[in-house]
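This report goes through one chain of a structure and its contact with a neighbouring chain. The sequence and the model come first, and the description follows.

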Amino acid sequence: MIYPDVSDILARKAEARKEIASPSFAEKIAIIEAMRERVAPFKRAREQRLATQEQRLTKQAVRRIGA
Amino acid sequence: MEADGVIGRYAIVGAFAASYYVEPTLTAELDILVSFEMEARQRKSGLVTLEPIFSYRKDKGYEEFRKDVVIEGWPVQFIPVADDLDAAALAEAKEANIDDNAGAVRTRVLGAEHLVASCLRIGRAKDFIRITQLLEGNVLDLPLLCTILSRHGLTESWRAFCFRNGISDPCGPY
């Protein structure tokens with residue numbers, strides 16, 4: 001099997017990282033805040049999923065205790 | 001809080017501090033390394049209490065979230081100075097400006113080299129990623145980093161980190 005050369009992709013990624021490392025601290029803080037807003041729905045969904053899972057485990061435990 | 005005497009000297013650490021030097025990283029909270037003026041009886045016991053911060057939080061009406069104080073929407077984790085490395089890192093923290101449309105705010109950020117030492121000491125996977133980011137970002141004063149690592153007994157951990165990651169150790173040969 002022949003694999004494609006991805007070195008140019010990796011080089012572009014390194015270049016992009018360098019670019020987003022150059023703004024001022026205030027601009028970077030704004031980027032972090034924007035990232036936080038973007039992931040907020042995913043975080044909420046994860047928390048809901050975990051809460052449901054926990055509820056299910058609690059039910060199972062109660063059922064076992066009762067059995 | 002520093003001006004009000006609630007806390008002593010402080011500096012931004014963690015992901016925000018790393019973001020000062022390299023690309024911004026997603027984080028859930030703002031970590032603050034903080035010193036407290038200890039009363040004589042506290043110095044004896046060695047116990048540090050975050051009570052002044054939580055009293056201040058109540059006075060200011062800030063919420064609490066999982067033991068963090070939520071300030072202007074950000075959960076803020078106050079981490080008291082716990083050893084010589086923390087104390088040195090805080091003493092040598094860099095002055096930084098946050099300039100935006102709302103005006104300028106002066107703050108302090110942990111030096112990149114102390115940040116590496118701190119990450120190495122904590123040693124979670126994400127701390128090692130942070131070290132790699134700082135190394136790749138060419139933001140480190142390597143002789144200074146090596147001095148800090150040696151001073152705080154982190155040379156062996158550093159050698160192991162370099163070995164694991166295939167990095168030519170800038171502090172070697174020993």
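Which residue takes a positive phi in the hairpin of strand 3 of chain B and strand 4 of chain B? R66(B) does, with a phi near 45°, in a hairpin that has two residues between the strands.

This is a predicted model, in which local features need pLDDT of at least 70 and side-chain atom pairs count only at pLDDT 80 or more, while totals for chains, interfaces and linings use all residues. Residues are numbered from 1 along each chain as its sequence is written, and chains are lettered from A and ligands numbered from 1 in the order in which they are written.

## Chain B as a whole

Chain B has eight helices and seven strands. Helices (H or I, at least four residues) and strands (E, at least two) are DSSP runs, numbered from the N terminus. Along the principal axes, the C-alpha atoms of chain B fill a box of roughly 55 × 45 × 25 Å. The radius of gyration of chain B is 17 Å, which agrees with the value near 16 Å that a compact globule of 174 residues would have. That radius is taken over C-alpha atoms, and the globule rule is 2.2 Å times the number of residues to the power 0.38.

Of the 174 residues of chain B, 29% count as buried. A residue is buried if 20 or more other C-beta atoms lie within 10 Å of its own, exposed if 12 or fewer, and partly exposed in between, with C-beta atoms placed from the backbone. Two residues are in contact if their C-beta atoms, placed from the backbone, lie within 7 Å. Among contacts in chain B between residues at least 6 apart in sequence, 60% join residues at least 24 apart.

## Strands 3, 4 and 5

Strand 3 (residues 63–65) of chain B runs antiparallel to strand 4 (residues 68–71) of chain B, and three bridges join them. Two strands pair if DSSP finds at least two bridges between them. Within this pair, E63(B) stands opposite V70(B).

Strand 4 of chain B is also joined by three bridges to strand 5 (residues 74–80) of chain B, again in an antiparallel arrangement. Here I71(B) stands opposite W74(B). Strand 4 and strand 5 of chain B form a hairpin with two residues between them, and E72(B) lies in the turn. E72(B) counts as exposed because 7 C-beta neighbours lie inside 10 Å.

## Helix 6

Helix 6 (residues 125–136) of chain B has twelve residues and reaches 17 Å from its first C-alpha to its last, close to the 16 Å expected at 1.5 Å a residue. The expected span is 1.5 Å times one less than the number of residues.

The buried residues of helix 6 of chain B are R130(B), I131(B), L134(B) and L135(B). They cover an arc of only 135° around the axis, which puts them on the same side of helix 6 of chain B. The arc is that of the directions from the helix axis to the C-beta atoms. What covers these buried residues includes helix 1 (14–21), helix 5 (112–122) and helix 8 (155–164) of chain B. The face turned away from the buried side carries the exposed residues A125(B) and K126(B).

N138(B) follows helix 6 of chain B and lies in the loop between helix 6 and helix 7 (142–151) of chain B. N138(B) is exposed, with 11 other C-beta atoms within 10 Å.

## Backbone angles

The table lists residues with a positive phi.

| Residue | Place in chain B | Phi |
|---|---|---|
| R66(B) | hairpin of strand 3 and strand 4 | near 45° |
| E72(B) | turn between strand 4 and strand 5 | about 50° |
| N138(B) | after helix 6 | near 50° |

The peptide bond from G172(B) to P173(B) is cis, with omega near -10°. P173(B) is found in the segment after helix 8 of chain B.

## Contact with chain A

How many residues does the contact take from chain B and from chain A? The contact takes twelve residues from chain B and 13 residues from chain A. On the side of chain B that touches chain A, helix 1 and strand 6 (94–100) each supply at least two residues. The largest share, four residues, comes from strand 6 of chain B. By class, this side of chain B has six nonpolar, three polar and three charged residues. Ala, Val, Leu, Ile, Met, Phe, Trp, Tyr, Cys and Pro count as nonpolar, Asp, Glu, Lys and Arg as charged, and the others, Gly among them, as polar.
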